[in-house]
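Please open your viewer and get your selection tool ready. We will go from stop to stop, picking residues and looking at what surrounds them.

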Amino acid sequence: MTYSIYHFFADLCQKKEEFLLENELENFPFDKQMLSCVNKGKFPDLAIKLNDDDEQFAGGELIELKDSKTYSVASFNSTIPTGEKDIKKLTEGQENTIRTQMEEAGDAILSLPIRQVFYLIRGKKQSNVKVCLTHGKFFETVPVSTLISESFGQALEERLDELGESLSPSLKHKLLDLFSEQQTFSRTRNVDDASVRLRFRIMTEVKAGANILNPNQYPQIGDNTLNFAVPCHGETEQNQQHNKMRYAFEEMRYAHLFSQVEVFSLQHHFNGKFLIFQTNLS
C-alpha cells in the first residue's frame, strides 16, 4: 500500500465528522497503518511511512497537531514551524524513540533526508469548527535563522538603547550570526554551584496574516470545513498537486469523496499562492 500526506488527507475526509466531536485531536482515529511513528508532546506528533520506489509519492511527511478552542492557531512551543526538516537531526542519539519507531515500521530513514512538514490544525468558535492540514510554508515565510537572529537583534538594540551604548556593525553582525540557531538556546545549561539547570525555550505565535483560521484574513476557509493547503506557484504545479490528490483518493477507494472536494487558489499575505482542497465536515 502507498502512503503519503495525500492519502492521509483522504483518510481524514472519510472520518471528517470525528472533528466535530469534543475529543482531543491526538485521540482522532488516525489510520495507524500509514504511520511510522506516533509521539505525544514531542515533534513530530505523527510521521507518514516511506514508500520504496514510488515516483509519485515519496511519503515520509512529518505532522504536528495543533488544537485550539478559538480561531487562533495554538502557539508553537520549542519547535519553530518550518516547511522542511532534516530527519537526521530528529533521529540522533542512542535512545531515540523516533528513530526506533521508524525502524520498527520498516523505514530506511535516511533514504529521504529532507522531510516535508505539515500541521493539522483545528480551531473552534462557538459551535463551528475549522480544520486545516497545512504545509509548514504557510508559517515559514522567512528562514528560521533569519527569524531568530533578527528577533535577537531587536532585543539587543532595545537593551543597548536603554544603556546608552552601541556596537560596531561588524561586532553586531557577528553576534547575530552566532545566535541564529535554535540549538544555541534549546540546550540545557549547567552552572557551578547552582541548584537548578537553565534552558531557554522559544515560543512562536502566528501573526494574523498567517492565521489560516482567521475569517477576516482568509474568508475562503469556511466554518465547518476540512482543508488541505500546499504551496502552489503555477499552473503546472497546480495540475500536479490536483492529480496527486485525485490518485490518492482513488488508491484509498474514496473516489466518491473526492467529488465532494472543492479546489481553489488562496493568496497568502506573505508567501505567495497556496492550493486549497476543501470539503464540508458534515
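What follows is a short tour of a predicted model, with a selection to make at each stop.

**Stop 1: helix 1**

Start by selecting residues 5–14, which make up helix 1. Show the surface of everything else, and the helix is largely enclosed by the rest of the structure, because nine of its ten residues are buried. Those buried residues are Ile5, Tyr6, His7, Phe8, Phe9, Ala10, Asp11, Leu12 and Cys13. Now add Ser4, which caps the N-terminal end of the helix. One of its side-chain oxygens lies 3.1 Å from the backbone nitrogen of Tyr6.

**Stop 2: from Phe9 to Phe249**

Stay with Phe9 and add Phe249. The structure holds 16 aromatic pairs, and here is one to look at closely. The ring centres of Phe9 and Phe249 are 6.3 Å apart and their planes meet at 65°, so this pair is edge-to-face. It joins distant parts of the chain: Phe9 sits in helix 1, while Phe249 belongs to helix 7 (residues 235–251), 240 residues apart. Both Phe9 and Phe249 are buried.

Next, widen the selection to Tyr6, Phe9, Phe57, Phe118, Phe228, Phe249, Phe258 and Phe277; ring pairs link these residues into a cluster.

**Stop 3: Glu64 and its neighbours**

Phe118 from that cluster also leads to the next stop, since you will find it among the contacts of Glu64. Select Glu64 in strand 3 (residues 62–67). Is this acidic side chain's residue, Glu64, buried or exposed? Glu64 has 10% relative accessibility, so it counts as buried. Leaving aside residues up to four places away in sequence, Glu64 touches Phe43, Asp45, Phe76, Phe118, Tyr119 and Leu120.

**Stop 4: two lysines over rings**

Keep Phe76 on screen and add Lys66. This lysine lies over the face of the Phe76 ring, 4.5 Å from the ring centre. For another such arrangement, pick Lys130 and Tyr71: Lys130 lies over the face of Tyr71, at 4.6 Å from the ring centre.

**Stop 5: the cysteines**

Colour the cysteine sulfurs. How many disulfides does the structure hold? The count is zero. Cys132 shows why: the closest cysteine sulfur, in Cys13, is 12 Å away, too far for a bond. Cys232 is in no disulfide either, with the nearest cysteine sulfur, that of Cys132, at 17 Å. Cys132 counts as buried because its relative accessibility is 0%, and Cys232 counts as buried at 5%.

**Stop 6: the hairpin**

Now select strand 10 (residues 262–267) together with strand 11 (residues 273–280). These strands pair in the antiparallel sense over six bridges. To see a bridge, pick Glu262, whose partner in strand 11 is Gln278. The strands form a hairpin with five residues between them. In that turn, click on Gly272, which has a positive phi of about 75°.

**Stop 7: Ala155**

Finish at helix 4 (residues 144–163), where Ala155 lies. With 42% relative accessibility, Ala155 counts as partly exposed. Draw a distance line from its C-alpha atom to that of Glu24: the two atoms are separated by 37 Å, and the residues are 131 apart along the chain.

Terms used
Residues are numbered from 1 along each chain as its sequence is written. This is a predicted model: local features need pLDDT of at least 70, side-chain atom pairs count only at pLDDT 80 or more; totals for chains, interfaces and linings use all residues. Side-chain values use heavy atoms; hydrogens and water are left out. A disulfide is a pair of cysteine sulfur atoms within 2.5 Å. Buried means under 20% relative accessible area, exposed over 50%, partly exposed in between (1.4 Å probe, protein chains only). Rings of Phe, Tyr and Trp (its six-membered ring) pair if their centres lie within 6.5 Å; planes under 30 degrees apart count as stacked, over 60 as edge-to-face and the rest as tilted. Helices (H or I, at least four residues) and strands (E, at least two) are DSSP runs, numbered from the N terminus. A charge sits over a ring if NZ of Lys or CZ of Arg is within 6 Å of the ring centre and within 35 degrees of the ring normal. Contact means heavy atoms within 4.5 Å. Two strands pair if DSSP finds at least two bridges between them. A polar contact is a pair of N or O atoms within 3.5 Å; within protein, one must be able to donate a hydrogen and the other to accept it, and residues adjacent in sequence count only if both atoms are side-chain atoms.
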